[in-house]
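Thank you all for coming. I would like to take a few minutes to walk through one structure with you, going slowly enough that the newer members can follow on the screen.

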Amino acid sequence: MSEAKISQAGATHAGLKSFAGVERFLTEVSGDARRAGYVLLGDDAFLMEMCRKGVMRALVPEEMKDFCLHDLDLGQTSIFEALDLAQTPSLMAPFQVLFLRNVKTLYGRGQKKEEFKAIDEYFRRPNPQALVIFVADYLALPQDIRRMDMTDKDRAEKIRETLGDVCGVVELQRVSEEDAMRWVVREAKAKGVEFSEDAARELVDALGSAGGAEMMLVASEVEKLLLYAGGVGKATVEVGDVETMVSAAKQRSLYELTDAISLKDAPRALGLLAGLLNASEGGEDAAIGHVFSLAKTYRQMLVLNEKQVKDQRAMWQVLWPGFRVAPFAADALIAQARRYRDRGELTRGLRLIAKADLELRSSPADKKLVLERLVMRLAGKGQESEMEGVGA
């Protein structure tokens with residue numbers, strides 16, 4: 001997805017409650033009230049990218065990106081090293097921004113007393129020319145927070161207890177369906193196309209979940225519908241257009257890609273990946289969104305596999321609100337999950353996806369190549385796929 005798509009503000013987001021927290025965060029980061037650190041809490045990829053792009057616009061000049069932007073995985077870089085980097089003035093850049101991913105490693109086995117002591121000491125005397133952002137995208141915040149999974153509630157509470165006093169906590173709750181519909185109408189209008197309210201509702205309903213709108217998917221389909229409208233000379237998108245395009249989108253969805261991967265059909269998987277990229281206006285720029293969707297699908301399959309789910313009725317019982325599957329893909333995903341006899345293969349897949357995500361956020365020369373390597377490794381066989389990932 002293009003940077004303009006993620007970062008567009010103004011009329012598109014104005015007055016939409018679901019985006020208010022992100023807008024406050026970006027206003028604060030851009031001004032004198034900026035804190036030394038923040039936690040981005042939630043797995044909504046669309047809102048996460050809004051935050052990231054907004055921070056980069058405000059604090060990371062494009063020509064200085066290689067010197068002042070740091071994407072670090074706490075599974076590979078210790079918190080001590082990350083904080084030392086934040087505390088050390090850069091000779092090449094006047095300001096540094098550090099995105100610290102894989103925050104859950106701070107809450108693994110052991111009490112991590114030394115780690116949190118180091119965090120507390122850093123934020124007592126932080127470097128005023130650095131911004132540290134903890135990316136806690138391993139838990140889901142549904143639009144209705146009362147429906148939040150108990151495990152994620154406990155995780156969020158631990159983060160607030162340990163980081164809330166020294167960092168600002170930005171809650172990235174899923175976008176409500178009403179706000180998603182308004183966003184669709186405004187986004188289309190900004191590009192000279194009228195998107196009927198009924199069509200917007202049909203689109204959001206088709207791509208949403210119990211936890212709120214799936215904005216990455218919604219935004220991607222809006223791009224395609226606007227291209228479609230322009231290609232056939234239409235000034236308005238109606239319900240029929242949505243039904244036609246979303247049906248086609250389902251056929252080329254990531255569920256087909258994961259189906260090919262689960263069958264170890266690498267040639268078909270690579271073909272489906274090419275189709276996904278060609279269908280996205282942003283092309284390679286949509287890579288992060290595809291990786292996010294892959295990660296979510298793998299996590300869903302891991303739960304279905306562990307619970308030995310065999311039908312949709314059992315599926316709705318084990319997948320919590322905000323983590324459920326689009327109805328049209330339910331049976332297909334159950335079948336895919338059951339193909340994995342070794343749950344370790346799914347966890348290895350998640351590790352490979354996480355590595356690809358980190359690589360994509362480091363601005364590689366060829367994003368398509370990163371995705372193709374990922375798909376080849378996922379479609380490999382067990383240990384072989386993991387070893388390829390390690391040796392790259």
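Let me begin with a word that I will use several times: a residue is called buried when its relative accessible area is under 20%, and exposed when that area is over 50%. Please also keep in mind that this is a predicted model. With that cut-off in hand, look at Cys68, which has a relative accessible area of 2% and therefore counts as buried. Cys51 is buried too, because its relative accessible area is 0%. As for disulfides, a search of the whole structure finds 0 of them.

Now to the largest pocket, which holds about 1200 Å³ of space. There are 40 residues lining this pocket, and those closest to its centre are Lys104, Asp137, Tyr138, Arg299 and Leu350. Two or more lining residues come from each of helix H3 (45-59), helix H7 (150-163), helix H14 (287-306) and helix H17 (343-360), and the largest share, 9 residues, belongs to H14. If we sort the lining by class, we find 17 nonpolar, 17 charged and 6 polar residues.

Finally, please find helix H8, residues 177-190, whose 14 residues reach 20 Å from the first C-alpha to the last, close to the 20 Å expected at 1.5 Å a residue. Which residues of H8 are buried? They are Asp179, Ala180, Met181, Trp183, Val184, Glu187 and Ala188. After H8 comes Gly192, and its phi is positive, near 85°.

Definitions and conventions
Residues numbered from 1 in each chain as written. Predicted model: local features only at pLDDT ≥ 70, side-chain atom pairs only at ≥ 80, totals over all residues. Heavy atoms only, no water. 1 Å grid on protein atoms, 1.4 Å probe; cavity = no way out; pocket = protein on both sides within 12 Å on 5 of 7 lines; lining within 4 Å. Points joined across faces, edges and corners; volume = space filled by probe spheres on them. Helix = DSSP H or I, 4+ residues; strand = E, 2+ residues; numbered from the N terminus. Nonpolar A, V, L, I, M, F, W, Y, C, P; charged D, E, K, R; others polar. Disulfide = S-S within 2.5 Å. Buried < 20%, exposed > 50% of the residue type's maximum accessible area, 1.4 Å probe, protein only. Expected span 1.5 Å × (residues − 1).
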